[in-house]
Each structure stands twice: as C-alpha cells, then as structure tokens.
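Student: Could you take me through one spot in this protein up close, and then put it in the context of the whole chain?

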Amino acid sequence: MLIKYNEVIGFYPSLKPGVGEGTIVVMKGGDEVFLRKSIKSFRREILWYYFVDFKALRSMAREFGEPVPLVLGERVFVPLKFRHRAFAGDFCYGYFSLEEIVFCGGKEKAAIILSCGKKYSLACRVKTATTSLIRAKIFRLEISFRK
C-alpha cells in the first residue's frame, strides 16, 4: 500500500504472530495500516521523505534528552514507549504528532487519546509520557525561534 506521508499522524511497532516485526501507521482519519517493515526502517523512510538528517536532529536535541522527538515538516512527533522489549535491540517506541494528541493520562500506565478518537495504552508511567510531551513542546519552541 502506498503511504501518503503528509497524512501520517503516528506510527508504532507491532509484533504479530506468524508475521513478525512490523509497523502500524495511523493516518489522519484514524485508519491504521500494517507494514511489514521495522519501525526503524519506516522512521528512516519518513525522515528521508521530509529531508531530515536524524544524526543532526539528535545532536541538536541532545540537550533535551532521549528519545529524540522527530521534526517532520511543520509537525513534531513525540516518542512514546509502546511496549516492553521482546528481544535485545528491539525498538519499542512509537511516534505521534504533538498536534494530534488531545489527552495523556491514566492511573498507573499512561494512555493517549488522539483527535481522531483513537486511544492507545502505553508501556510507561504517566510521568514519563508527560515528560516526553513537554520535551517535544519545548523542542518545537526551540525550532520556531531558530527560523
């Protein structure tokens, strides 16, 4: 399936029995598309589409901490831990557009709600998810001052 990168509002890793590692891409209307490629591979693709050098982005955002938010066009994507590692080297973070996240909260484990109505449970505490959101907002301000 052909992905329209400007309509992507988020993407996260998925492990499917019998298929293996893949990426679920969330589109503007809330539709989800499963791709049989790793999250790192899809991240590399979307960064390439927007002409973003990830190494330069990491060095620029190093002072804000890890993991680094992604800047794709005018949008900032927040890194959020989606699941616990299944094996060594497993990348368990997903990315969602800061503008699309309307709620982040929960009791023990965090959850986010997107503007399209989709709800996702995260594999981290509310404090960790909130810190990622704040870091992405500060990074967005930092970038807007540099323009």
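Tutor: Sure, let's zoom in on S97, which sits in strand β6, residues 93–97; strands here are DSSP E runs of at least two residues, helices are H or I runs of at least four, and both are numbered from the N terminus. Bear in mind that this is a predicted model, where local features need pLDDT of at least 70, side-chain atom pairs count only at pLDDT 80 or more, and totals for chains, interfaces and linings use all residues. Residues are numbered from 1 along each chain as its sequence is written, and side-chain values use heavy atoms, with hydrogens and water left out.

S97 counts as buried because its relative accessibility is 1%; the cut-off for buried is under 20% relative accessible area, with exposed over 50% and partly exposed in between (1.4 Å probe, protein chains only). Setting aside neighbours within four places in sequence, S97 touches I9, R75, V76 and F77, where contact means heavy atoms within 4.5 Å. Its side chain also has a polar contact with the side chain of E99, at 2.9 Å (a pair of N or O atoms within 3.5 Å; within protein, one must be able to donate a hydrogen and the other to accept it, and residues adjacent in sequence count only if both atoms are side-chain atoms).

Now zoom out. The protein has three helices and nine strands, running β-β-β-α-α-β-β-β-β-β-β-α from the N terminus. Of its 147 residues, 47% are buried. Among contacts with a separation of 6 or more, 44% come from residues 24 or more positions apart. The C-alpha trace spans about 45 × 35 × 35 Å along its principal axes.
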